[in-house]
Amino acid sequence: MKISKKKLALGLGLSALGLGFYINRQCFHAKEKKITLYSPKIDSPIRITQITDFHSNVISNLGEVIENIRQFAPDFIILTGDILDYGTDRKIERSLFFLKNLSALGIETFYITGNHEERGPKLDYFLEELEKLGIKYLKNESVLVKDNKINLYGNTFYTRSFDNYKKDDNKLNIILSHYSKHVRDRDNVDFDFVFSGHTHGGQVRFPILGALVSPGEGFFPSFDKGVYHYRNGIIYVDSGLGNTFLPLRFLNKIGYSNIEIKNGSVV
């Protein structure tokens, strides 16, 4: 059956509109991911909200995101790098708008820098604004949280160091590292959990194959998104709340993670 040029053009036009709408929803409408992890070290559940790779994004359902976090009621929030895409005034304003809405929840929040923040200008100004919001910047240092039951260590990206990190067998040891490979490359660093981002889950994924390529992990990456058992601990890689280079996501919607750690075996 011969298809007229008008029908073909209409079909292609509608397909393009549909694809554009789908990609828009993937790039700017955030998904809540509920993650359950286990550790024999804790008696009662610990709740953590992880946000990573925001990249100065514009979230179309920001109110829903904030309300979901409020209802989840995390013990603390972790921001695992690249919250700021690059230090231009417009992008700083976007990131701070998001963080002001987040900090209004009154939940203790910890932040580490990623490669985008550290290689861009005005990082000192951005950090000053975070301090005003009560967000604690962990610069290769540890802090005790949750009634001193958790040893939380935060790494920078380019100037990372584990000199101040010491695993405490009597506490839950959590490392925040924007790029999980920075921990995986250190054979002498032991942990219970690592929370990371950086990979964006590849941004574009395909059924069965998963991500084709992701930053730092190369083609068909092994540590691109999700939960990984590594040595004696767990690595969780979140695929991020923003986009880089292009607003392009496929089968990998932007999102944030509401994580609950319960008593139980790691494996």
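**Exercise 1. Locate Arg-231 and state its backbone angle and exposure.**

Step 1. Arg-231 belongs to the loop between β14 (226–230) and β15 (233–237). Helices (H or I, at least four residues) and strands (E, at least two) are DSSP runs, numbered from the N terminus.

Step 2. The phi of Arg-231 is near 55°, a positive value in a residue other than glycine.

Step 3. Arg-231 is partly exposed because its relative accessibility is 36%. Buried means under 20% relative accessible area, exposed over 50%, and partly exposed in between (1.4 Å probe, protein chains only).

The structure is a predicted model, in which local features need pLDDT of at least 70 and side-chain atom pairs count only at pLDDT 80 or more, while totals for chains, interfaces and linings use all residues. Residues are numbered from 1 along each chain as its sequence is written, and side-chain values use heavy atoms, with hydrogens and water left out.

**Exercise 2. Describe Lys-122 in the terms of its loop, phi and accessibility.**

Step 1. The loop between α4 (115–119) and α5 (123–132) contains Lys-122.

Step 2. Although Lys-122 is not a glycine, its phi is positive, at about 65°.

Step 3. With a relative accessible area of 40%, Lys-122 is partly exposed.

**Exercise 3. Determine whether Ile-254 and Thr-244 are buried or exposed, and what lies beside them.**

Step 1. Thr-244 is placed in the loop between β15 and β16, and Ile-254 lies in the loop between β15 and β16 (255–263).

Step 2. Ile-254 has a relative accessible area of 0% and is therefore buried. Thr-244, at 11% relative accessibility, also counts as buried.

Step 3. The C-alpha atom of Ile-254 is separated by 6.9 Å from that of His-29, although the two residues are 225 residues apart along the chain.

Step 4. Neighbours within four places in sequence being left aside, Thr-244 is in contact (heavy atoms within 4.5 Å) with His-55, Asp-85, His-116, His-200 and Gln-203.

**Exercise 4. Characterise the surroundings of Phe-206.**

Step 1. Phe-206 is part of strand β10 (residues 205–206) and is partly exposed, at 34% relative accessibility.

Step 2. On the surface, Phe-206 forms a nonpolar patch with Leu-209, Leu-212, Val-213, Phe-219 and Phe-220, and their accessible area together is about 610 Å². Patches are made of residues with over 30% relative accessible area and no salt bridge, like charges being joined within 9 Å and nonpolar side chains (Val, Leu, Ile, Met, Phe, Trp, Tyr) within 5 Å. A salt bridge is a side-chain nitrogen of Lys or Arg within 4 Å of a carboxyl oxygen of Asp or Glu. Accessible areas come from the Shrake-Rupley method with a 1.4 Å probe, and for residues only the protein chains shown count as cover.

Step 3. The structure holds 13 aromatic pairs. Rings of Phe, Tyr and Trp (its six-membered ring) pair if their centres lie within 6.5 Å; planes under 30 degrees apart count as stacked, over 60 as edge-to-face and the rest as tilted.

Step 4. The ring centres of Phe-206 and Phe-250 are 6.0 Å apart and the planes stand at 50°, so this pair is tilted. The pair links distant parts of the chain, 44 residues apart, with Phe-250 in the loop between β15 and β16. Phe-250 is partly exposed, at 28% relative accessibility.

**Exercise 5. Classify the pair of Phe-223 and Tyr-230.**

Step 1. The centres of these two rings, Phe-223 and Tyr-230, are 5.9 Å apart and their planes stand at 80°, so the pair is edge-to-face.

Step 2. Phe-223 is buried, at 15% relative accessibility.
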